[in-house]
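Visitor: I'd like to learn how the words people use for a protein model are earned. Could you walk me through some?

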Amino acid sequence: MFARIKRLFTIKTRFEAFLVIYGLGLGAVDRGTHYLEQYPGWGGWVLFALCPIAVFMAGGRILDSLDAGIE
């Protein structure tokens, strides 16, 4: 039973990986806009820039794990 549920949350194809990365990117940009509202000026822009950078790093790791066949 748990194996069937686990399969729902396993990324199997590059298309699924890109969908997950897209969702992470949307969330990161939304979080970044909140940072701009909370911290106007230089600090807000730095935090805004760091949010998508984290998604780039996570996205690269997701795609690398698919290429290597690691699950």
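Guide: Sure, let's start with A28, which counts as buried because its relative accessibility is 9%, and buried means under 20% relative accessible area, exposed over 50%, partly exposed in between (1.4 Å probe, protein chains only). Keep in mind that this is a predicted model, where local features need pLDDT of at least 70, side-chain atom pairs count only at pLDDT 80 or more, and totals for chains, interfaces and linings use all residues. Residues are numbered from 1 along each chain as its sequence is written, and side-chain values use heavy atoms, with hydrogens and water left out.

Visitor: Where does A28 lie?

Guide: A28 lies in helix α2, residues 14–38. Helices here are DSSP runs of H or I with at least four residues, strands are runs of E with at least two, and both are numbered from the N terminus.

Visitor: How far is A28 from L50 and from A54?

Guide: The C-alpha atoms of A28 and L50 are separated by 8.9 Å, with their positions 22 residues apart along the chain. For A54 and A28, the C-alpha atoms are 8.3 Å apart in space and the residues 26 apart in sequence. L50 lies in helix α3, and A54 is found in helix α3.

Visitor: Why is L50 called partly exposed?

Guide: L50 has 46% relative accessibility, so it falls in the partly exposed range. A54, at 45%, is partly exposed too.

Visitor: What makes Y35 and Y39 a tilted pair?

Guide: A search of the whole structure finds two aromatic pairs. In one of them, Y35 and Y39 are 6.3 Å centre to centre with 40 degrees between the planes. Rings of Phe, Tyr and Trp (its six-membered ring) pair if their centres lie within 6.5 Å; planes under 30 degrees apart count as stacked, over 60 as edge-to-face and the rest as tilted, so 40 degrees gives tilted. Y35 is partly exposed at 23%, and Y39 is partly exposed at 43%.

Visitor: And why is the pair of W45 and F48 called edge-to-face?

Guide: Their planes are 75 degrees apart and their centres 5.8 Å apart, so the pair earns the edge-to-face label. W45 and F48 are separated by about one helical turn, because they are three residues apart in helix α3 (residues 42–68). W45 has a relative accessible area of 54%, so it is exposed.

Visitor: How do you know that the charged end of R31 sits over the ring of Y35?

Guide: That charged end is 4.5 Å from the ring centre. The rule asks for NZ of Lys or CZ of Arg within 6 Å of the ring centre and within 35 degrees of the ring normal.

Visitor: Is S65 buried or exposed?

Guide: S65 is buried, because its relative accessible area is 18%. S65 is in helix α3, and its side chain reaches the backbone oxygen of I62 at 2.7 Å.

Terms used: Polar contact = N/O pair within 3.5 Å; in protein donor to acceptor, adjacent residues only side chain to side chain.
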